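Me: Could you go through this structure with me, one piece at a time? I would like to ask short questions as we go.

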Amino acid sequence: MTSATRQPEIPAPTVPPRLIATDLDGTLLRDDKTVSPRTVAALAAAEEAGIEVFFVTGRPARWMDVVSDHVHGHGLAICGNGAAVVDLHGGPGAHRFVKVRELARENALDAIRLLREAAPGTVYAVEQTYGFHQEPEYPKLHMEVPDTVAPAEKLLAPDGATVGEPVLKILAHHPRIDPDDFLTAARIAVGDRATVTRSSPSALLEISGPGVSKASTLALSCAERGISHEEVVAFGDMPNDLEMLTWAGRSYAMGNAHPDVLAAASGRTIANNDDGVAVVIERLVEQRRQQSRRP
């Protein structure tokens, strides 16, 4: 990770932005998982200036309460690395799923089988729209209380605990492998049966349906609004943000970002703990105001 003291590198303005797409953990949120007052004000200013804001995260819908009070206008968020579009207007515990891009159980079982062979010792959890299930050895990484504890193959069986509800993604954890090496090995092993990425500093992979990513679901949401990728400004810090950052017309890697993200983004801002997203949004809003004053 790079120093948090580096000043922002702001790409030259091109097409005026109509939508801001921002990751949450390590990006919009500080390390204590809060939204700073400066960031709250910047989000409100963007919406007031006519720039929509989409939260685009790997988090499940039930973990979105941290930003539910800060949604404006449409109130939509992209969760599960693109596996779901969720309406946050209902408030904590009352989120509505607008779009679901599920992982077929056949693909999930194939990915688990292939990854077990490629990386023995991998343990799994199953993330659904509302449910969460895990294998006995899966660590309590987020103090999650599972609905069911059983081998992944049993959870995903035709008569398993996950029947009747879409599977959004599979979580795969390894206790010893380097996180980036684990990601590379998994992508080679799984191939096109699923999309494999990671957002955690540990060796924790997130496995979604083929073609499902933050970028692909964001592109669908933008198309519904008549917004082109050139009109999107994106922020991120980890490998699960890469497709979104390269798809957007302008993109910013956080000062604390993964090296691959720093290399891929068109611009760079300061770290999440220093309100790096807010710094850029404030400049975008000011540019919008200056343009509106021109005769």
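**Cysteines, a strand and some charged pairs**

Reply: To begin with a cysteine of this predicted model, Cys-222 counts as buried, because its relative accessibility is 1%.

Me: And what about Cys-79, buried or exposed?

Reply: Cys-79 is buried, with a relative accessible area of 3%.

Me: How many disulfides does a search of the whole structure find?

Reply: The search finds zero disulfides. The sulfur of Cys-79 has its closest cysteine sulfur in Cys-222, and these lie 16 Å apart, so they are too far from each other for a bond. The cut-off for a disulfide is 2.5 Å between the two sulfur atoms.

Me: OK, new topic. Which residues of strand S1 are buried?

Reply: Strand S1 covers residues 19-22, and both of its faces are covered, with Leu-19 and Ala-21 buried on one side and Ile-20 and Thr-22 buried on the other. In a regular strand, side chains alternate between the two faces of the sheet.

Me: Which strands is S1 joined to?

Reply: S1 runs parallel to strand S2, residues 52-56, and four bridges join them. Four bridges also join S1 to strand S12, residues 232-236, and this pair runs parallel too.

Me: Which residues stand opposite Leu-19 in S2, and which is the bridge partner of Thr-22 in S12?

Reply: Leu-19 stands opposite Glu-52 in S2, while the bridge partner of Thr-22 in S12 is Phe-235.

Me: Glu-52 has a charged side chain, right? Which residue does it meet in a salt bridge?

Reply: The side chain of Glu-52 meets that of Arg-225 in a salt bridge, with 3.4 Å from N to O. Glu-52 lies in strand S2 and Arg-225 in the loop between helix H7 (214-224) and S12, so the pair ties together parts that are 173 residues apart in sequence. Arg-225 is partly exposed, with a relative accessible area of 24%.

Me: Which other salt bridge links distant parts of the chain?

Reply: One of them is formed by Glu-153 and Arg-116, whose closest N and O atoms are 2.9 Å apart. Glu-153 is in helix H5 (residues 152-155) and Arg-116 in helix H4 (residues 105-118), so to speak distant parts of the chain, 37 residues apart. Glu-153 counts as partly exposed at 36% relative accessibility, and Arg-116 counts as partly exposed at 28%.

Me: Which residues do salt bridges with shared partners join into one network?

Reply: That network consists of Glu-52, Lys-99, Glu-224 and Arg-225. For the whole structure, the count comes to 19 salt bridges. Among them is the one in which the side chains of Lys-33 and Asp-25 meet, at 2.8 Å from N to O.

Me: Last thing, where is His-174?

Reply: His-174 is found in the loop between strand S9 (167-173) and helix H6 (179-190). His-174 is buried, because its relative accessible area is 4%, and the cut-off for buried is under 20%.

Me: What does the side chain of His-174 reach?

Reply: The side chain of His-174 reaches the backbone oxygen of Pro-120 at 2.8 Å, and a polar atom of this side chain lies 3.1 Å from the backbone nitrogen of Arg-176. Leaving aside neighbours within four places in sequence, the residues in contact with His-174 are Ala-119, Pro-120, Gly-121, Thr-122, Phe-182 and Ala-203.

Technical notes
Residues are numbered from 1 along each chain as its sequence is written. This is a predicted model: local features need pLDDT of at least 70, side-chain atom pairs count only at pLDDT 80 or more; totals for chains, interfaces and linings use all residues. Side-chain values use heavy atoms; hydrogens and water are left out. Buried means under 20% relative accessible area, exposed over 50%, partly exposed in between (1.4 Å probe, protein chains only). Helices (H or I, at least four residues) and strands (E, at least two) are DSSP runs, numbered from the N terminus. Two strands pair if DSSP finds at least two bridges between them. A polar contact is a pair of N or O atoms within 3.5 Å; within protein, one must be able to donate a hydrogen and the other to accept it, and residues adjacent in sequence count only if both atoms are side-chain atoms. Contact means heavy atoms within 4.5 Å. A salt bridge is a side-chain nitrogen of Lys or Arg within 4 Å of a carboxyl oxygen of Asp or Glu.
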